[in-house]
Amino acid sequence: MRSFPADLAQAQQEWSATYQQLAERSGRTELRLRLYRLSAQLFFHPYWRRPSPAVWQDLRDLGRSERDVSGRRQQ
């Protein structure tokens, strides 16, 4: 697994948690707004000056449970 800046990793974990909350309780404006803000924070982070699809996937895995990640890798 790659090493990411702490603020980027934290934002991804918060994004994943917020997305899950929104999936469970749709129609929550405050959750949608938080998801938009976190998405912008992730997408425009200075780390992405050298983007790579594999790096994006590794970051997304930080926000998922180990079971979800291991299941995706076995497919």
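Which exposed residues does the face of α2 turned away from its buried side carry? They are Tyr36, Arg37 and Phe43, and View 2 returns to that helix.

This is a predicted model, in which local features need pLDDT of at least 70 and side-chain atom pairs count only at pLDDT 80 or more, while totals for chains, interfaces and linings use all residues. Residues are numbered from 1 along each chain as its sequence is written, and side-chain values use heavy atoms, with hydrogens and water left out.

**View 1. The largest nonpolar core brings together 12 residues.** Its members are Phe4, Leu8, Ala11, Trp15, Leu22, Leu31, Leu35, Leu38, Leu42, Trp48, Val55 and Leu59. Two or more of these residues come from each of α1 (6–24), α2 (29–43) and α3 (53–62). A nonpolar core here is a set of buried Ala, Val, Leu, Ile, Met, Phe, Trp, Tyr and Cys residues joined through side-chain atoms within 4.5 Å. Buried means under 20% relative accessible area, exposed over 50%, and partly exposed in between (1.4 Å probe, protein chains only). Helices (H or I, at least four residues) and strands (E, at least two) are DSSP runs, numbered from the N terminus. In soluble globular proteins, nonpolar side chains tend to be buried together.

**View 2. Helix α2 has a buried side and an exposed face.** With 15 residues, α2 reaches 21 Å from its first C-alpha to its last, close to the 21 Å expected at 1.5 Å a residue; the expected span is 1.5 Å times one less than the number of residues. Leu31, Leu35, Leu38 and Leu42 are its buried residues. They cover an arc of only 70° around the axis, so they sit on the same side of α2; the arc is that of the directions from the helix axis to the C-beta atoms. The cover over these buried residues includes α1 and α3.

**View 3. Leu35 meets residues from elsewhere in the sequence.** Neighbours within four places aside, Leu35 is in contact (heavy atoms within 4.5 Å) with Trp15, Thr18, Tyr19 and Leu22.

**View 4. Gln12 is a buried residue of helix α1.** Its relative accessibility is 2%. Apart from neighbours within four places in sequence, Gln12 touches Leu42, Leu59, Arg60 and Gly63. Leu59 is also among the buried residues of α3, together with Val55, Asp58 and Asp61. These four cover an arc of only 155° around the axis, which puts them on the same side of α3.

**View 5. Two of the 4 aromatic pairs show contrasting geometry.** Rings of Phe, Tyr and Trp (its six-membered ring) pair if their centres lie within 6.5 Å; planes under 30 degrees apart count as stacked, over 60 as edge-to-face and the rest as tilted. Trp15 and Tyr19 are stacked, 5.1 Å centre to centre with 15° between the planes. Both lie in α1, 4 residues apart, about one turn of the helix. Trp15 is buried at 15% relative accessible area, whereas Tyr19 is partly exposed at 46%. Tyr47 and Trp48 also have ring centres 5.1 Å apart, but their planes stand at 85°, so this pair is edge-to-face. Tyr47 is partly exposed at 27%, and Trp48 is buried at 9%. Ring pairs join Phe4 to Tyr47 and Trp48 in a cluster.

**View 6. Confidence varies along the chain.** The chain's mean pLDDT (the predictor's confidence in each residue, from 0 to 100) is 83, and 83% of the residues score at least 70. Among the elements, α2 has the highest mean, 95, and helix α4 (residues 66–74) the lowest, 53.
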